[in-house]
Amino acid sequence: TFNGTWKVDRSENYDKFMEQMGVNLMKRKLAEHDNLKITIEQNGDKFHVKESSTFRSKEIDFTLGVQFEYDLADGTELAGAWEMEGDMLKGKFTRKDNGKALTTTRTLVGGEMVQSYSYEGVEARRIFKKQ
Ligand code: MYR
């Protein structure tokens, strides 16, 4: 289960990914130490997600397979949906400003939550530990 509070422990290729997303150097440097914390409450196919970081606090509700809108910390707007495939959450989102796809997955690996991100051929991962 993804339920619980997850605190980012380490990131892989996240700087390159943000660069591909068009995030400027100063924001990327800040984002390196964003202390991202994600609290997930799943009830059937409904999710309530609390996100907190040095940038902001945000709460989101979504249902698996149902489109919703989500804005990134830098204001970039996405629309898309999460689906469950086996034990993996798969998110397919589209940037509203340029129509390009951002895909992401969440999976549990050895007690950690691994979130992958992919945009325009660049992939990154952030690994979270349960609090
Ligand atoms: C959630 O489940 O946390 C809400 C929906 C998440 C949508 C996709 C998140 C992609 C985040 C990409 C970060 C990029 C920074 C440039």
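This briefing walks through one helix and the salt bridges in the structure above. Keep in mind that the model is predicted. Two things are worth a look: helix α1, which has four named buried residues, Tyr 14, Phe 17, Met 18 and Met 21, and the salt bridges, of which a search of the whole structure turns up 15.

**Helix α1 and its buried face**

- Start with α1, which runs over residues 14–21 and has Tyr 14, Phe 17, Met 18 and Met 21 buried.
- Looking down the axis of α1, you'd find these buried residues within an arc of 95°, so they line one face of the helix.
- Here's the handy rule behind that pattern: an α-helix has 3.6 residues a turn, so residues three or four places apart point the same way.
- So what covers the buried residues of α1? The cover includes another helix, α2 (25–32), along with the strands β1 (4–12), β7 (88–95), β8 (101–109), β9 (112–119) and β10 (122–130).
- Right after α1 comes Gly 22, and its phi is positive, at about 95°.

**Salt bridges, pair by pair**

- A quick bit of background: side chains of opposite charge can pair when their charged atoms come close.
- Asp 71 and Lys 58 make one such pair, with their side chains meeting at 3.0 Å, N to O.
- Asp 71 sits in strand β5 (residues 68–71) and Lys 58 in strand β4 (residues 57–63), so this salt bridge ties together parts that are 13 residues apart in sequence.
- Is Asp 71 buried or partly exposed? Its relative accessibility is 30%, so Asp 71 counts as partly exposed.
- Lys 90 and Glu 85 also form a salt bridge, at 3.2 Å from N to O.
- Lys 90 is partly exposed at 33% relative accessibility, and Glu 85 is partly exposed too, at 48%.
- Then there's Glu 120 with Lys 100, whose side chains meet in a salt bridge at 3.7 Å, N to O.
- That pair links distant parts of the chain, 20 residues apart: Glu 120 is in the loop between β9 and β10, while Lys 100 is in the loop between β7 and β8.
- Glu 120 has a relative accessible area of 42%, which makes it partly exposed, and Lys 100 is partly exposed at 35%.

**A salt-bridge network**

- Which residues are linked in a network of salt bridges? Look for Asp 9, Arg 10, Glu 112 and Lys 129.

Definitions and conventions: Residues numbered from 1 in each chain as written. Predicted model: local features only at pLDDT ≥ 70, side-chain atom pairs only at ≥ 80, totals over all residues. Heavy atoms only, no water. Buried < 20%, exposed > 50% of the residue type's maximum accessible area, 1.4 Å probe, protein only. Arc of directions from axis to C-beta. Contact = heavy atoms within 4.5 Å. Salt bridge = Lys/Arg side-chain N within 4 Å of Asp/Glu carboxyl O.
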